[in-house]
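This report walks through one protein chain, moving from a pair of packed helices to single residues in the loops. Please keep the sequence and the structure in view while reading.

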Amino acid sequence: MEMTNPIIVVFGATGTIGNELVPQLLKARQRVRIAARDPAKASGYADAAEVVRADLSDPASLTAACAGARKAFVVSGGEGIGLEPNVFDAAKVAGIEHVVRVSALEVEFPEVAATPLGQWHLEAERRLRGSGVAWTLLRPSYFSSNTRLPFIIDPGEGGALIPTDGKEAPVDPHDIAAVAVAALTNPGHEGET
């Protein structure tokens, strides 16, 4: 049976959330285009999804990646966050109707909002809201999967060092991806954070 769903282009498909999102979109029988700086990293999806080269610092590649798609998912990290507005511009030019973007819950905390990371997220949010494209912002908290990373294990105590005072509940990236799938495939999430 041929799928007639609109193409969803996924930026950040090879990262923590993207690795959870793409299989969920495919299971939901969505048409997926993976936009990756290094398409070889997404070659495992070549039989189930379209894989194209796209670099956040190369607006022409972003416009090509967005062509013909109706929805987009955007997640990046570090300084790449500052380049995300290039995707929003490309989405607008290509006629994408809805962008779902991953931000961070911590931008609501003044001490984080003032950091470069917080500023990149807040500026990307501002640019997406002003892009003229319908948007949904996901602001997950600290990833529960990060508790397995060696840099946060206290060697003296053997436990995880969670960068919070207990007022932030960790979230599984699988669950973030599930929320993204809902926002991308069901109406009513536009303009929501």
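Two helices count as roughly parallel when the angle between them is under 35 degrees. In this predicted model, helix α3 (residues 84–94) and helix α5 (residues 116–129) pack at an angle of about 10°, and their axes are 9 Å apart. The two helices, α3 and α5, are therefore roughly parallel to each other. On the α3 side the contact is made by Glu84, Pro85, Phe88 and Asp89, which meet Ala124, Arg127 and Leu128 of α5. Sorted by class, this contact of α3 with α5 contains four nonpolar residues and three charged residues, but no polar ones.

One of these contact residues deserves a closer look. Glu84, which is found in helix α3, has a relative accessibility of 0% and therefore counts as buried, since the cut-off for buried is under 20%. When neighbours within four places in sequence are left aside, Glu84 is in contact with Val74, Val75, Ser76, Arg101 and Ala124.

**The chain as a whole**

The chain has six helices and six strands, and along the sequence they follow the pattern β-α-β-β-α-β-α-β-α-α-β-α. Of its 193 residues, 41% count as buried. Among the contacts between residues at least 6 apart in sequence, 68% join residues that are at least 24 apart.

**Helix α6**

Helix α6 (residues 173–185) has 13 residues, which at 1.5 Å a residue should span 18 Å, and the end C-alpha atoms of the helix are indeed 18 Å apart, so the two values agree. Which residues of α6 are buried? They are Pro173, Ile176, Ala177, Ala180, Val181, Ala183 and Leu184. These residues cover an arc of only 165° around the axis, and they therefore lie on the same side of α6. What covers the buried residues of α6 includes the strands β1 (7–11), β4 (71–74), β5 (98–102) and β6 (134–138), together with helix α1 (18–27).

**Three residues in loops**

The table places three loop residues beside their relative accessible areas.

| Residue | Loop between | Relative accessible area |
|---|---|---|
| Arg29 | α1 and β2 (31–36) | 39%, partly exposed |
| Leu56 | β3 (50–53) and α2 | 19%, buried |
| Gly68 | α2 (59–66) and β4 | 59%, exposed |

Arg29 has a phi near 60°, which is a positive value in a residue other than glycine. This can be set beside a general rule: most residues other than glycine have a negative phi.

Leu56 is buried because its relative accessible area is 19%, and buried means under 20%. Not counting residues up to four places away in sequence, Leu56 touches Leu62, Ser76, Gly80, Leu83, Asn86 and Val87. The last of these partners, Val87, is 31 residues from Leu56 along the chain, yet the C-alpha atoms of Leu56 and Val87 are separated by 6.9 Å.

Is Gly68 buried or exposed? With a relative accessible area of 59%, Gly68 is exposed, because the cut-off for exposed is over 50%. Gly68 and Ile96 are 28 residues apart along the chain, while their C-alpha atoms are separated by 7.9 Å.

Methods:
Residues are numbered from 1 along each chain as its sequence is written. This is a predicted model: local features need pLDDT of at least 70, side-chain atom pairs count only at pLDDT 80 or more; totals for chains, interfaces and linings use all residues. Side-chain values use heavy atoms; hydrogens and water are left out. Axes are lines fitted to C-alpha atoms, for helices over the stretch in contact, and angles run from 0 to 180 degrees between N-to-C directions. Helices (H or I, at least four residues) and strands (E, at least two) are DSSP runs, numbered from the N terminus. Angles under 35 degrees count as roughly parallel, over 145 as roughly antiparallel, 65 to 115 as roughly perpendicular and the rest as oblique. Contact means heavy atoms within 4.5 Å. Ala, Val, Leu, Ile, Met, Phe, Trp, Tyr, Cys and Pro count as nonpolar, Asp, Glu, Lys and Arg as charged, and the others, Gly among them, as polar. The expected span of a helix is 1.5 Å times one less than its number of residues. Buried means under 20% relative accessible area, exposed over 50%, partly exposed in between (1.4 Å probe, protein chains only). The arc is that of the directions from the helix axis to the C-beta atoms.
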